[in-house]
Structures are given as C-alpha cells and as structure tokens.
Amino acid sequence: MNKIEHIGIAVTDLKAAGSLYEKLLNTTVYKIEDVVSEGVKTAFLQNGPNKIELLEASNPDSPIAKFIAKKGEGIHHIAFEVDDIIAEMARLKNEGFVLLSDEPKRGADNKLVCFVHPKSAGGVLMELVQGI
C-alpha cells in the first residue's frame, strides 16, 4: 500500500456537503460522478495531496443508505492506493482478511477497487484502489 488515496465520507445531501467541505478545505469539488453499480453519487475534493470523497446514496438499498441509516453521516472508509490490486488482494486474503469481492470492480475516479470487510480490519472499512 503506497499511501492513503482518499477518505470516504457518507452524506445525505451531496450538494450541501460539497459546499460545506469547499469552505472547510478552501477548495472546490473537482468531480461529481455516479457509480451505478454501487448505488452512489460521489463528489471529490482535493487539498494538496489529500483527497476527500463524499458519498450520497442514489437509491434506498445502496450500501451508503444502509450505512447512514445505521450510523449516520460520517467517515465511511479509508482508501489506500496500490500498484497491483490483484496481488494486494491475494496478499490480504493470505493474511486472513475478508474481502467484499473476489475480483476488483470499477469504482469512482477511474479506479479499480476492492473493499476489505471492517470485521477483519479492526472495525474500519478499507478500500484498495488502483488507477486504470
């Protein structure tokens, strides 16, 4: 794992949260994207090397909708940049971590992604990301 690629924050109103984080980070939302396969709409902000991904549920059955219903708005996941997502998935599996998919999926921001189950990662949802 090379670095923290971004921190994902679950929100109920992407537009309002975007405005809040633009003021907080003194930057602008540079990309908004629908990830239909995950039932989420995302907005990205960057301040220096640090990126924030805001996540709004696009349907009531999406993982983000369920997360917010259970825990409320807030930090959803931490994403780590990797060079070879397949190799990193195999390494983590061999170390006993539970992955939420057997193959990487296309995610937001033109990345391949795979999530590590929080029950096997100290209660934190981790995301592996590799640029395509």
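Which residues of helix 3 (residues 85–94) are buried? In this predicted model, the buried residues of helix 3 are I85, E88, M89 and L92. They span an arc of only 100° around the axis, which places them on the same side of helix 3. The spacing is a familiar one: an α-helix has 3.6 residues a turn, so residues three or four places apart point the same way. As for what lies over this side, the cover of the buried residues of helix 3 includes strand 7 (111–116) and strand 8 (126–131).

It helps to set this helix within the whole chain. The protein chain holds three helices and eight strands, and their order along the sequence is β-α-β-β-β-α-β-α-β-β-β. For 132 residues, a compact globule would be expected to have a radius of gyration near 14 Å, and the value for the protein chain, 14 Å, agrees with this. Along the principal axes, the C-alpha atoms occupy a box of roughly 40 × 30 × 25 Å. Among contacts with a separation of 6 or more, 52% join residues 24 or more positions apart.

Turning to burial and surface, 40% of the 132 residues in the protein chain are buried. The chain exposes about 7500 Å², and carbon and sulfur atoms supply 53% of that area. Charge can be described in a similar way: there are 15 positive and 19 negative side chains, and the centres of these two sets lie 3 Å apart.

Two aspartates in loops make a handy pair to look at next. D61 sits in the loop between strand 4 (50–57) and helix 2 (63–71). Its relative accessibility is 59%, and because the cut-off for an exposed residue is over 50%, D61 counts as exposed. The C-alpha atom of D61 is separated by 9.7 Å from that of E38, a residue 23 positions away along the chain.

D109, in turn, belongs to the loop between strand 6 (105–107) and strand 7. Is this aspartate buried or exposed? With a relative accessible area of 13%, D109 is buried, since buried means under 20%. Apart from neighbours within four places in sequence, the residues in contact with D109 are Y30, K31, E33, F44 and K51. Strand 7 thus comes up twice in this description, because it borders the loop that holds D109 and is also part of what covers the buried residues of helix 3.

Technical notes:
Residues numbered from 1 in each chain as written. Predicted model: local features only at pLDDT ≥ 70, side-chain atom pairs only at ≥ 80, totals over all residues. Heavy atoms only, no water. Helix = DSSP H or I, 4+ residues; strand = E, 2+ residues; numbered from the N terminus. Rg over C-alpha atoms; globule rule 2.2 N^0.38 Å. Buried < 20%, exposed > 50% of the residue type's maximum accessible area, 1.4 Å probe, protein only. Contact = heavy atoms within 4.5 Å. Areas by Shrake-Rupley, 256 points an atom, 1.4 Å probe, with all protein chains shown as cover. Lys, Arg positive; Asp, Glu negative; His and termini not counted. Charge placed at Lys NZ, Arg CZ, Asp CG, Glu CD. Arc of directions from axis to C-beta.
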